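Welcome! Have a look at the sequence and the structure, and then let us walk through some of the details together.

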Amino acid sequence: MPARWHGAVSWTKSLGGLGILLLLAAGRIEAHEHHDDKIPEGAAISPDPLDSIVWTHILIQIFAWGILFPTGMVLGIVRSRWHVPVQSLGTVLSVVGYFLGHAHKGRQFASNVHATFAPVLMLLLLTQVALGIYLKLHLEKGINGKIRRSVVICHGIIGKVLPVGAWVQFLFGGITAMGFCRGDHLGQCLAHFIMGSAFIGYGIVLTLLLLVGQFWLRRTGRSQEFFDSLIIAAWGCVNTFTEHRWGGPWVHNDLQHTAMGIIWWCAGLVGIWLSRKRDGRPKRNVIPGVVILLTGYAMSSHPQNLPLSTMVHTVFGYTLMGAGLTRIIEISFVLQDKNTVDDKDGEATNSFQYLPPFLLYASGFLFMGATEEQMQLLSDAGVTHVAYILILYSIAFLLFLFVNMLLHLYAVHAWPTTPSKPRPDPESQHVNGAALANGHARIPNAADRQIRDAEEFELEGLMSDDEDVGKDAHR
């Protein structure tokens, strides 16, 4: 038996064991009964503190779902041999954490969305493990040769969905642990967590496009502001008709929220129109930045019931305004309407360009941390807005760091550098860079190398077993 098959069989046995463990976990959880005899009437949690088992559950799941699985996803995209080991470790830890989450004492919880969504997430993980086992078996004959590509695609899609599902489950977990977002608080909770997550997601997308997405963007034939404006317009249409219960009285901030929805879709349409030149080529514009700035201004002026809430919302608004303003400065003055600082070098970035996405991260965390119940809890505990805002900014820095680390991991594998051939000195080249002063041929720069490699490494859909599929087709 070839050595390759020995390795595949070994990993298949390991993954099979993980699948069985997941099935046992599902059966164990179905048989588990939640105790709620200590929960006061009308409350969502008991007054008991979180015990050590719950804290262990939280830390394990954060490490598995928040660090290992995203890292393993990137390793799979770049077809690293560490993809399977990292994902296997994450799966083992997630199963252990799953059991711990149903074996705790201390604080009791009423029926909640965190417990409801957990089986859905674990089912996705079980499906991913099963697909991974199938791919590791390298079944290539008969019907397997035809369905393998579909399995590869599904494996890649689920691998990218899992981090998003984990983020949602993290939010559900925090809400459940504190007993928040029930009854009359549900609406504003949804608004804060959905919008806050949207700002963070937008910041992540901007980071992606800044560091590894420019060549993909060129192939689309559209400017970045076209996609930004399209999403802004769509989101504005949703907000226009969902922020007020039509037919009922206008209460609290209904009018302000609805007006924000209106300006979003109006400005979004303008941004779409301005994203192309007369000849159809893509063109940069500052409309998305203006929308973000105006949204920050509106948010900073929201009337609040508590002084702490007023200060947090004000800083959130200023941070969002900063994101919009720096975005305008970046496009107009740093890039001067170009896609990158140096069109000949796709790796070139200006340090100022990191500001807009980071401020979006910070805005998202500030907004998610400013719900009514959170503000009341912190106000009662005597926490000042300065300390709280600095903590939220610290969390934003950590997430920004992690995203940059993942993108660096992707970039160094997708576009490896060649230090043995140094770049030529620009001063020793002709004006057009066709030849060097000493007569040597021009050495390809990073842009040449990345454009060539971009066809091989697709930004939006790299799949770890594409090479195997290509080999199967020739057999």
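## A residue in a loop

Let us begin with Q336, which sits in the loop between α11 and α12. This is a predicted model, so keep that in mind as you read on. Is Q336 buried or exposed? Its relative accessibility is 56%, so Q336 counts as exposed.

Which residues does Q336 touch, once those up to four places away in sequence are set aside? They are E330 and I331. You can also compare Q336 with R284: the two are 52 residues apart along the chain, and their C-alpha atoms are separated by 9.1 Å.

## The protein as a whole

Now step back and look at the whole protein. Its secondary structure consists of 16 helices and zero strands. The protein has 475 residues, and 44% of them are buried.

Contacts tell you how the chain comes together. Take the contacts between residues at least 6 apart in sequence: 79% of these join residues at least 24 apart.

## How confident is the prediction?

The average pLDDT of the protein is 83, and 79% of the residues score at least 70. Where is confidence lowest, and where is it highest? The lowest mean, 47, belongs to helix α16 (residues 466–474), while the highest, 97, belongs to α12.

Two stretches deserve some care when you look at the picture. Residues 420–448 have a pLDDT below 50, and this stretch makes 27 contacts in the model beyond near neighbours in sequence. The pLDDT is also below 50 over residues 451–475, a stretch with 46 contacts in the model, again beyond near neighbours in sequence.

## Cysteines, paired and unpaired

Here is a bit of chemistry to start with. A disulfide is a covalent bond between the sulfur atoms of two cysteines. How many disulfides are counted in this model? The count comes to one. The partners are C181 and C189, whose sulfur atoms are 2.0 Å apart. The torsion about their S-S bond is about -65°, so this disulfide is left-handed. Both C181 and C189 are buried.

C237, in contrast, is in no disulfide, and the nearest cysteine sulfur, that of C266, is 8.8 Å away. The cut-off for a disulfide is sulfur atoms within 2.5 Å, so a distance of 8.8 Å does not qualify. C237 has a relative accessibility of 37%, so it counts as partly exposed. C266 is in no disulfide either, and its nearest cysteine sulfur is that of C237. With 32% relative accessibility, C266 is partly exposed as well.

## Rings that meet

Next come the aromatic side chains. A pair of aromatic rings is described by the distance of the centres and the angle of the planes. The whole structure holds 12 aromatic pairs. In one of them, the rings of Y354 and F400 have centres 6.4 Å apart and planes at 80°, so the pair is edge-to-face. This pair links distant parts of the chain, 46 residues apart: Y354 lies in the loop between α11 (307–334) and α12 (355–368), and F400 lies in helix α14 (residues 385–414). Y354 is partly exposed, with a relative accessible area of 27%, whereas F400 is buried, at 12%.

Another pair, F358 and F397, is stacked, with 4.2 Å from centre to centre and 25° between the planes. F358 in helix α12 and F397 in helix α14 are 39 residues apart, and they too link distant parts of the chain. F358 is buried, with a relative accessible area of 7%, while F397 is partly exposed, at 48%. These four residues belong to one aromatic cluster, made up of Y354, F358, Y361, Y393, F397 and F400. Elsewhere, a charge meets a ring: R222 lies over the face of F226, at 4.3 Å from the ring centre.

## The nonpolar cores

The largest nonpolar core has 57 residues, and those touching the most other members are F193, V312, F316, L360, M375, Y393 and Y410. Helix α14 contributes the largest share of this core, with 14 residues. Apart from it lies another core, of 17 residues, including A64, W65, Y98 and V152.

What does F193 touch, leaving out residues up to four places away in sequence? Its contacts are L171, I175, C181, M368, T371 and Q374. You have already met one of these: C181, a partner in the disulfide with C189.

Methods
Residues numbered from 1 in each chain as written. Heavy atoms only, no water. Buried < 20%, exposed > 50% of the residue type's maximum accessible area, 1.4 Å probe, protein only. Phe/Tyr/Trp six-rings, centres within 6.5 Å; stacked < 30°, edge-to-face > 60°. Helix = DSSP H or I, 4+ residues; strand = E, 2+ residues; numbered from the N terminus. Lys NZ or Arg CZ within 6 Å of the ring centre and 35° of its normal. Core = buried A, V, L, I, M, F, W, Y, C linked by side-chain atoms within 4.5 Å. Contact = heavy atoms within 4.5 Å. pLDDT = per-residue confidence, 0-100.
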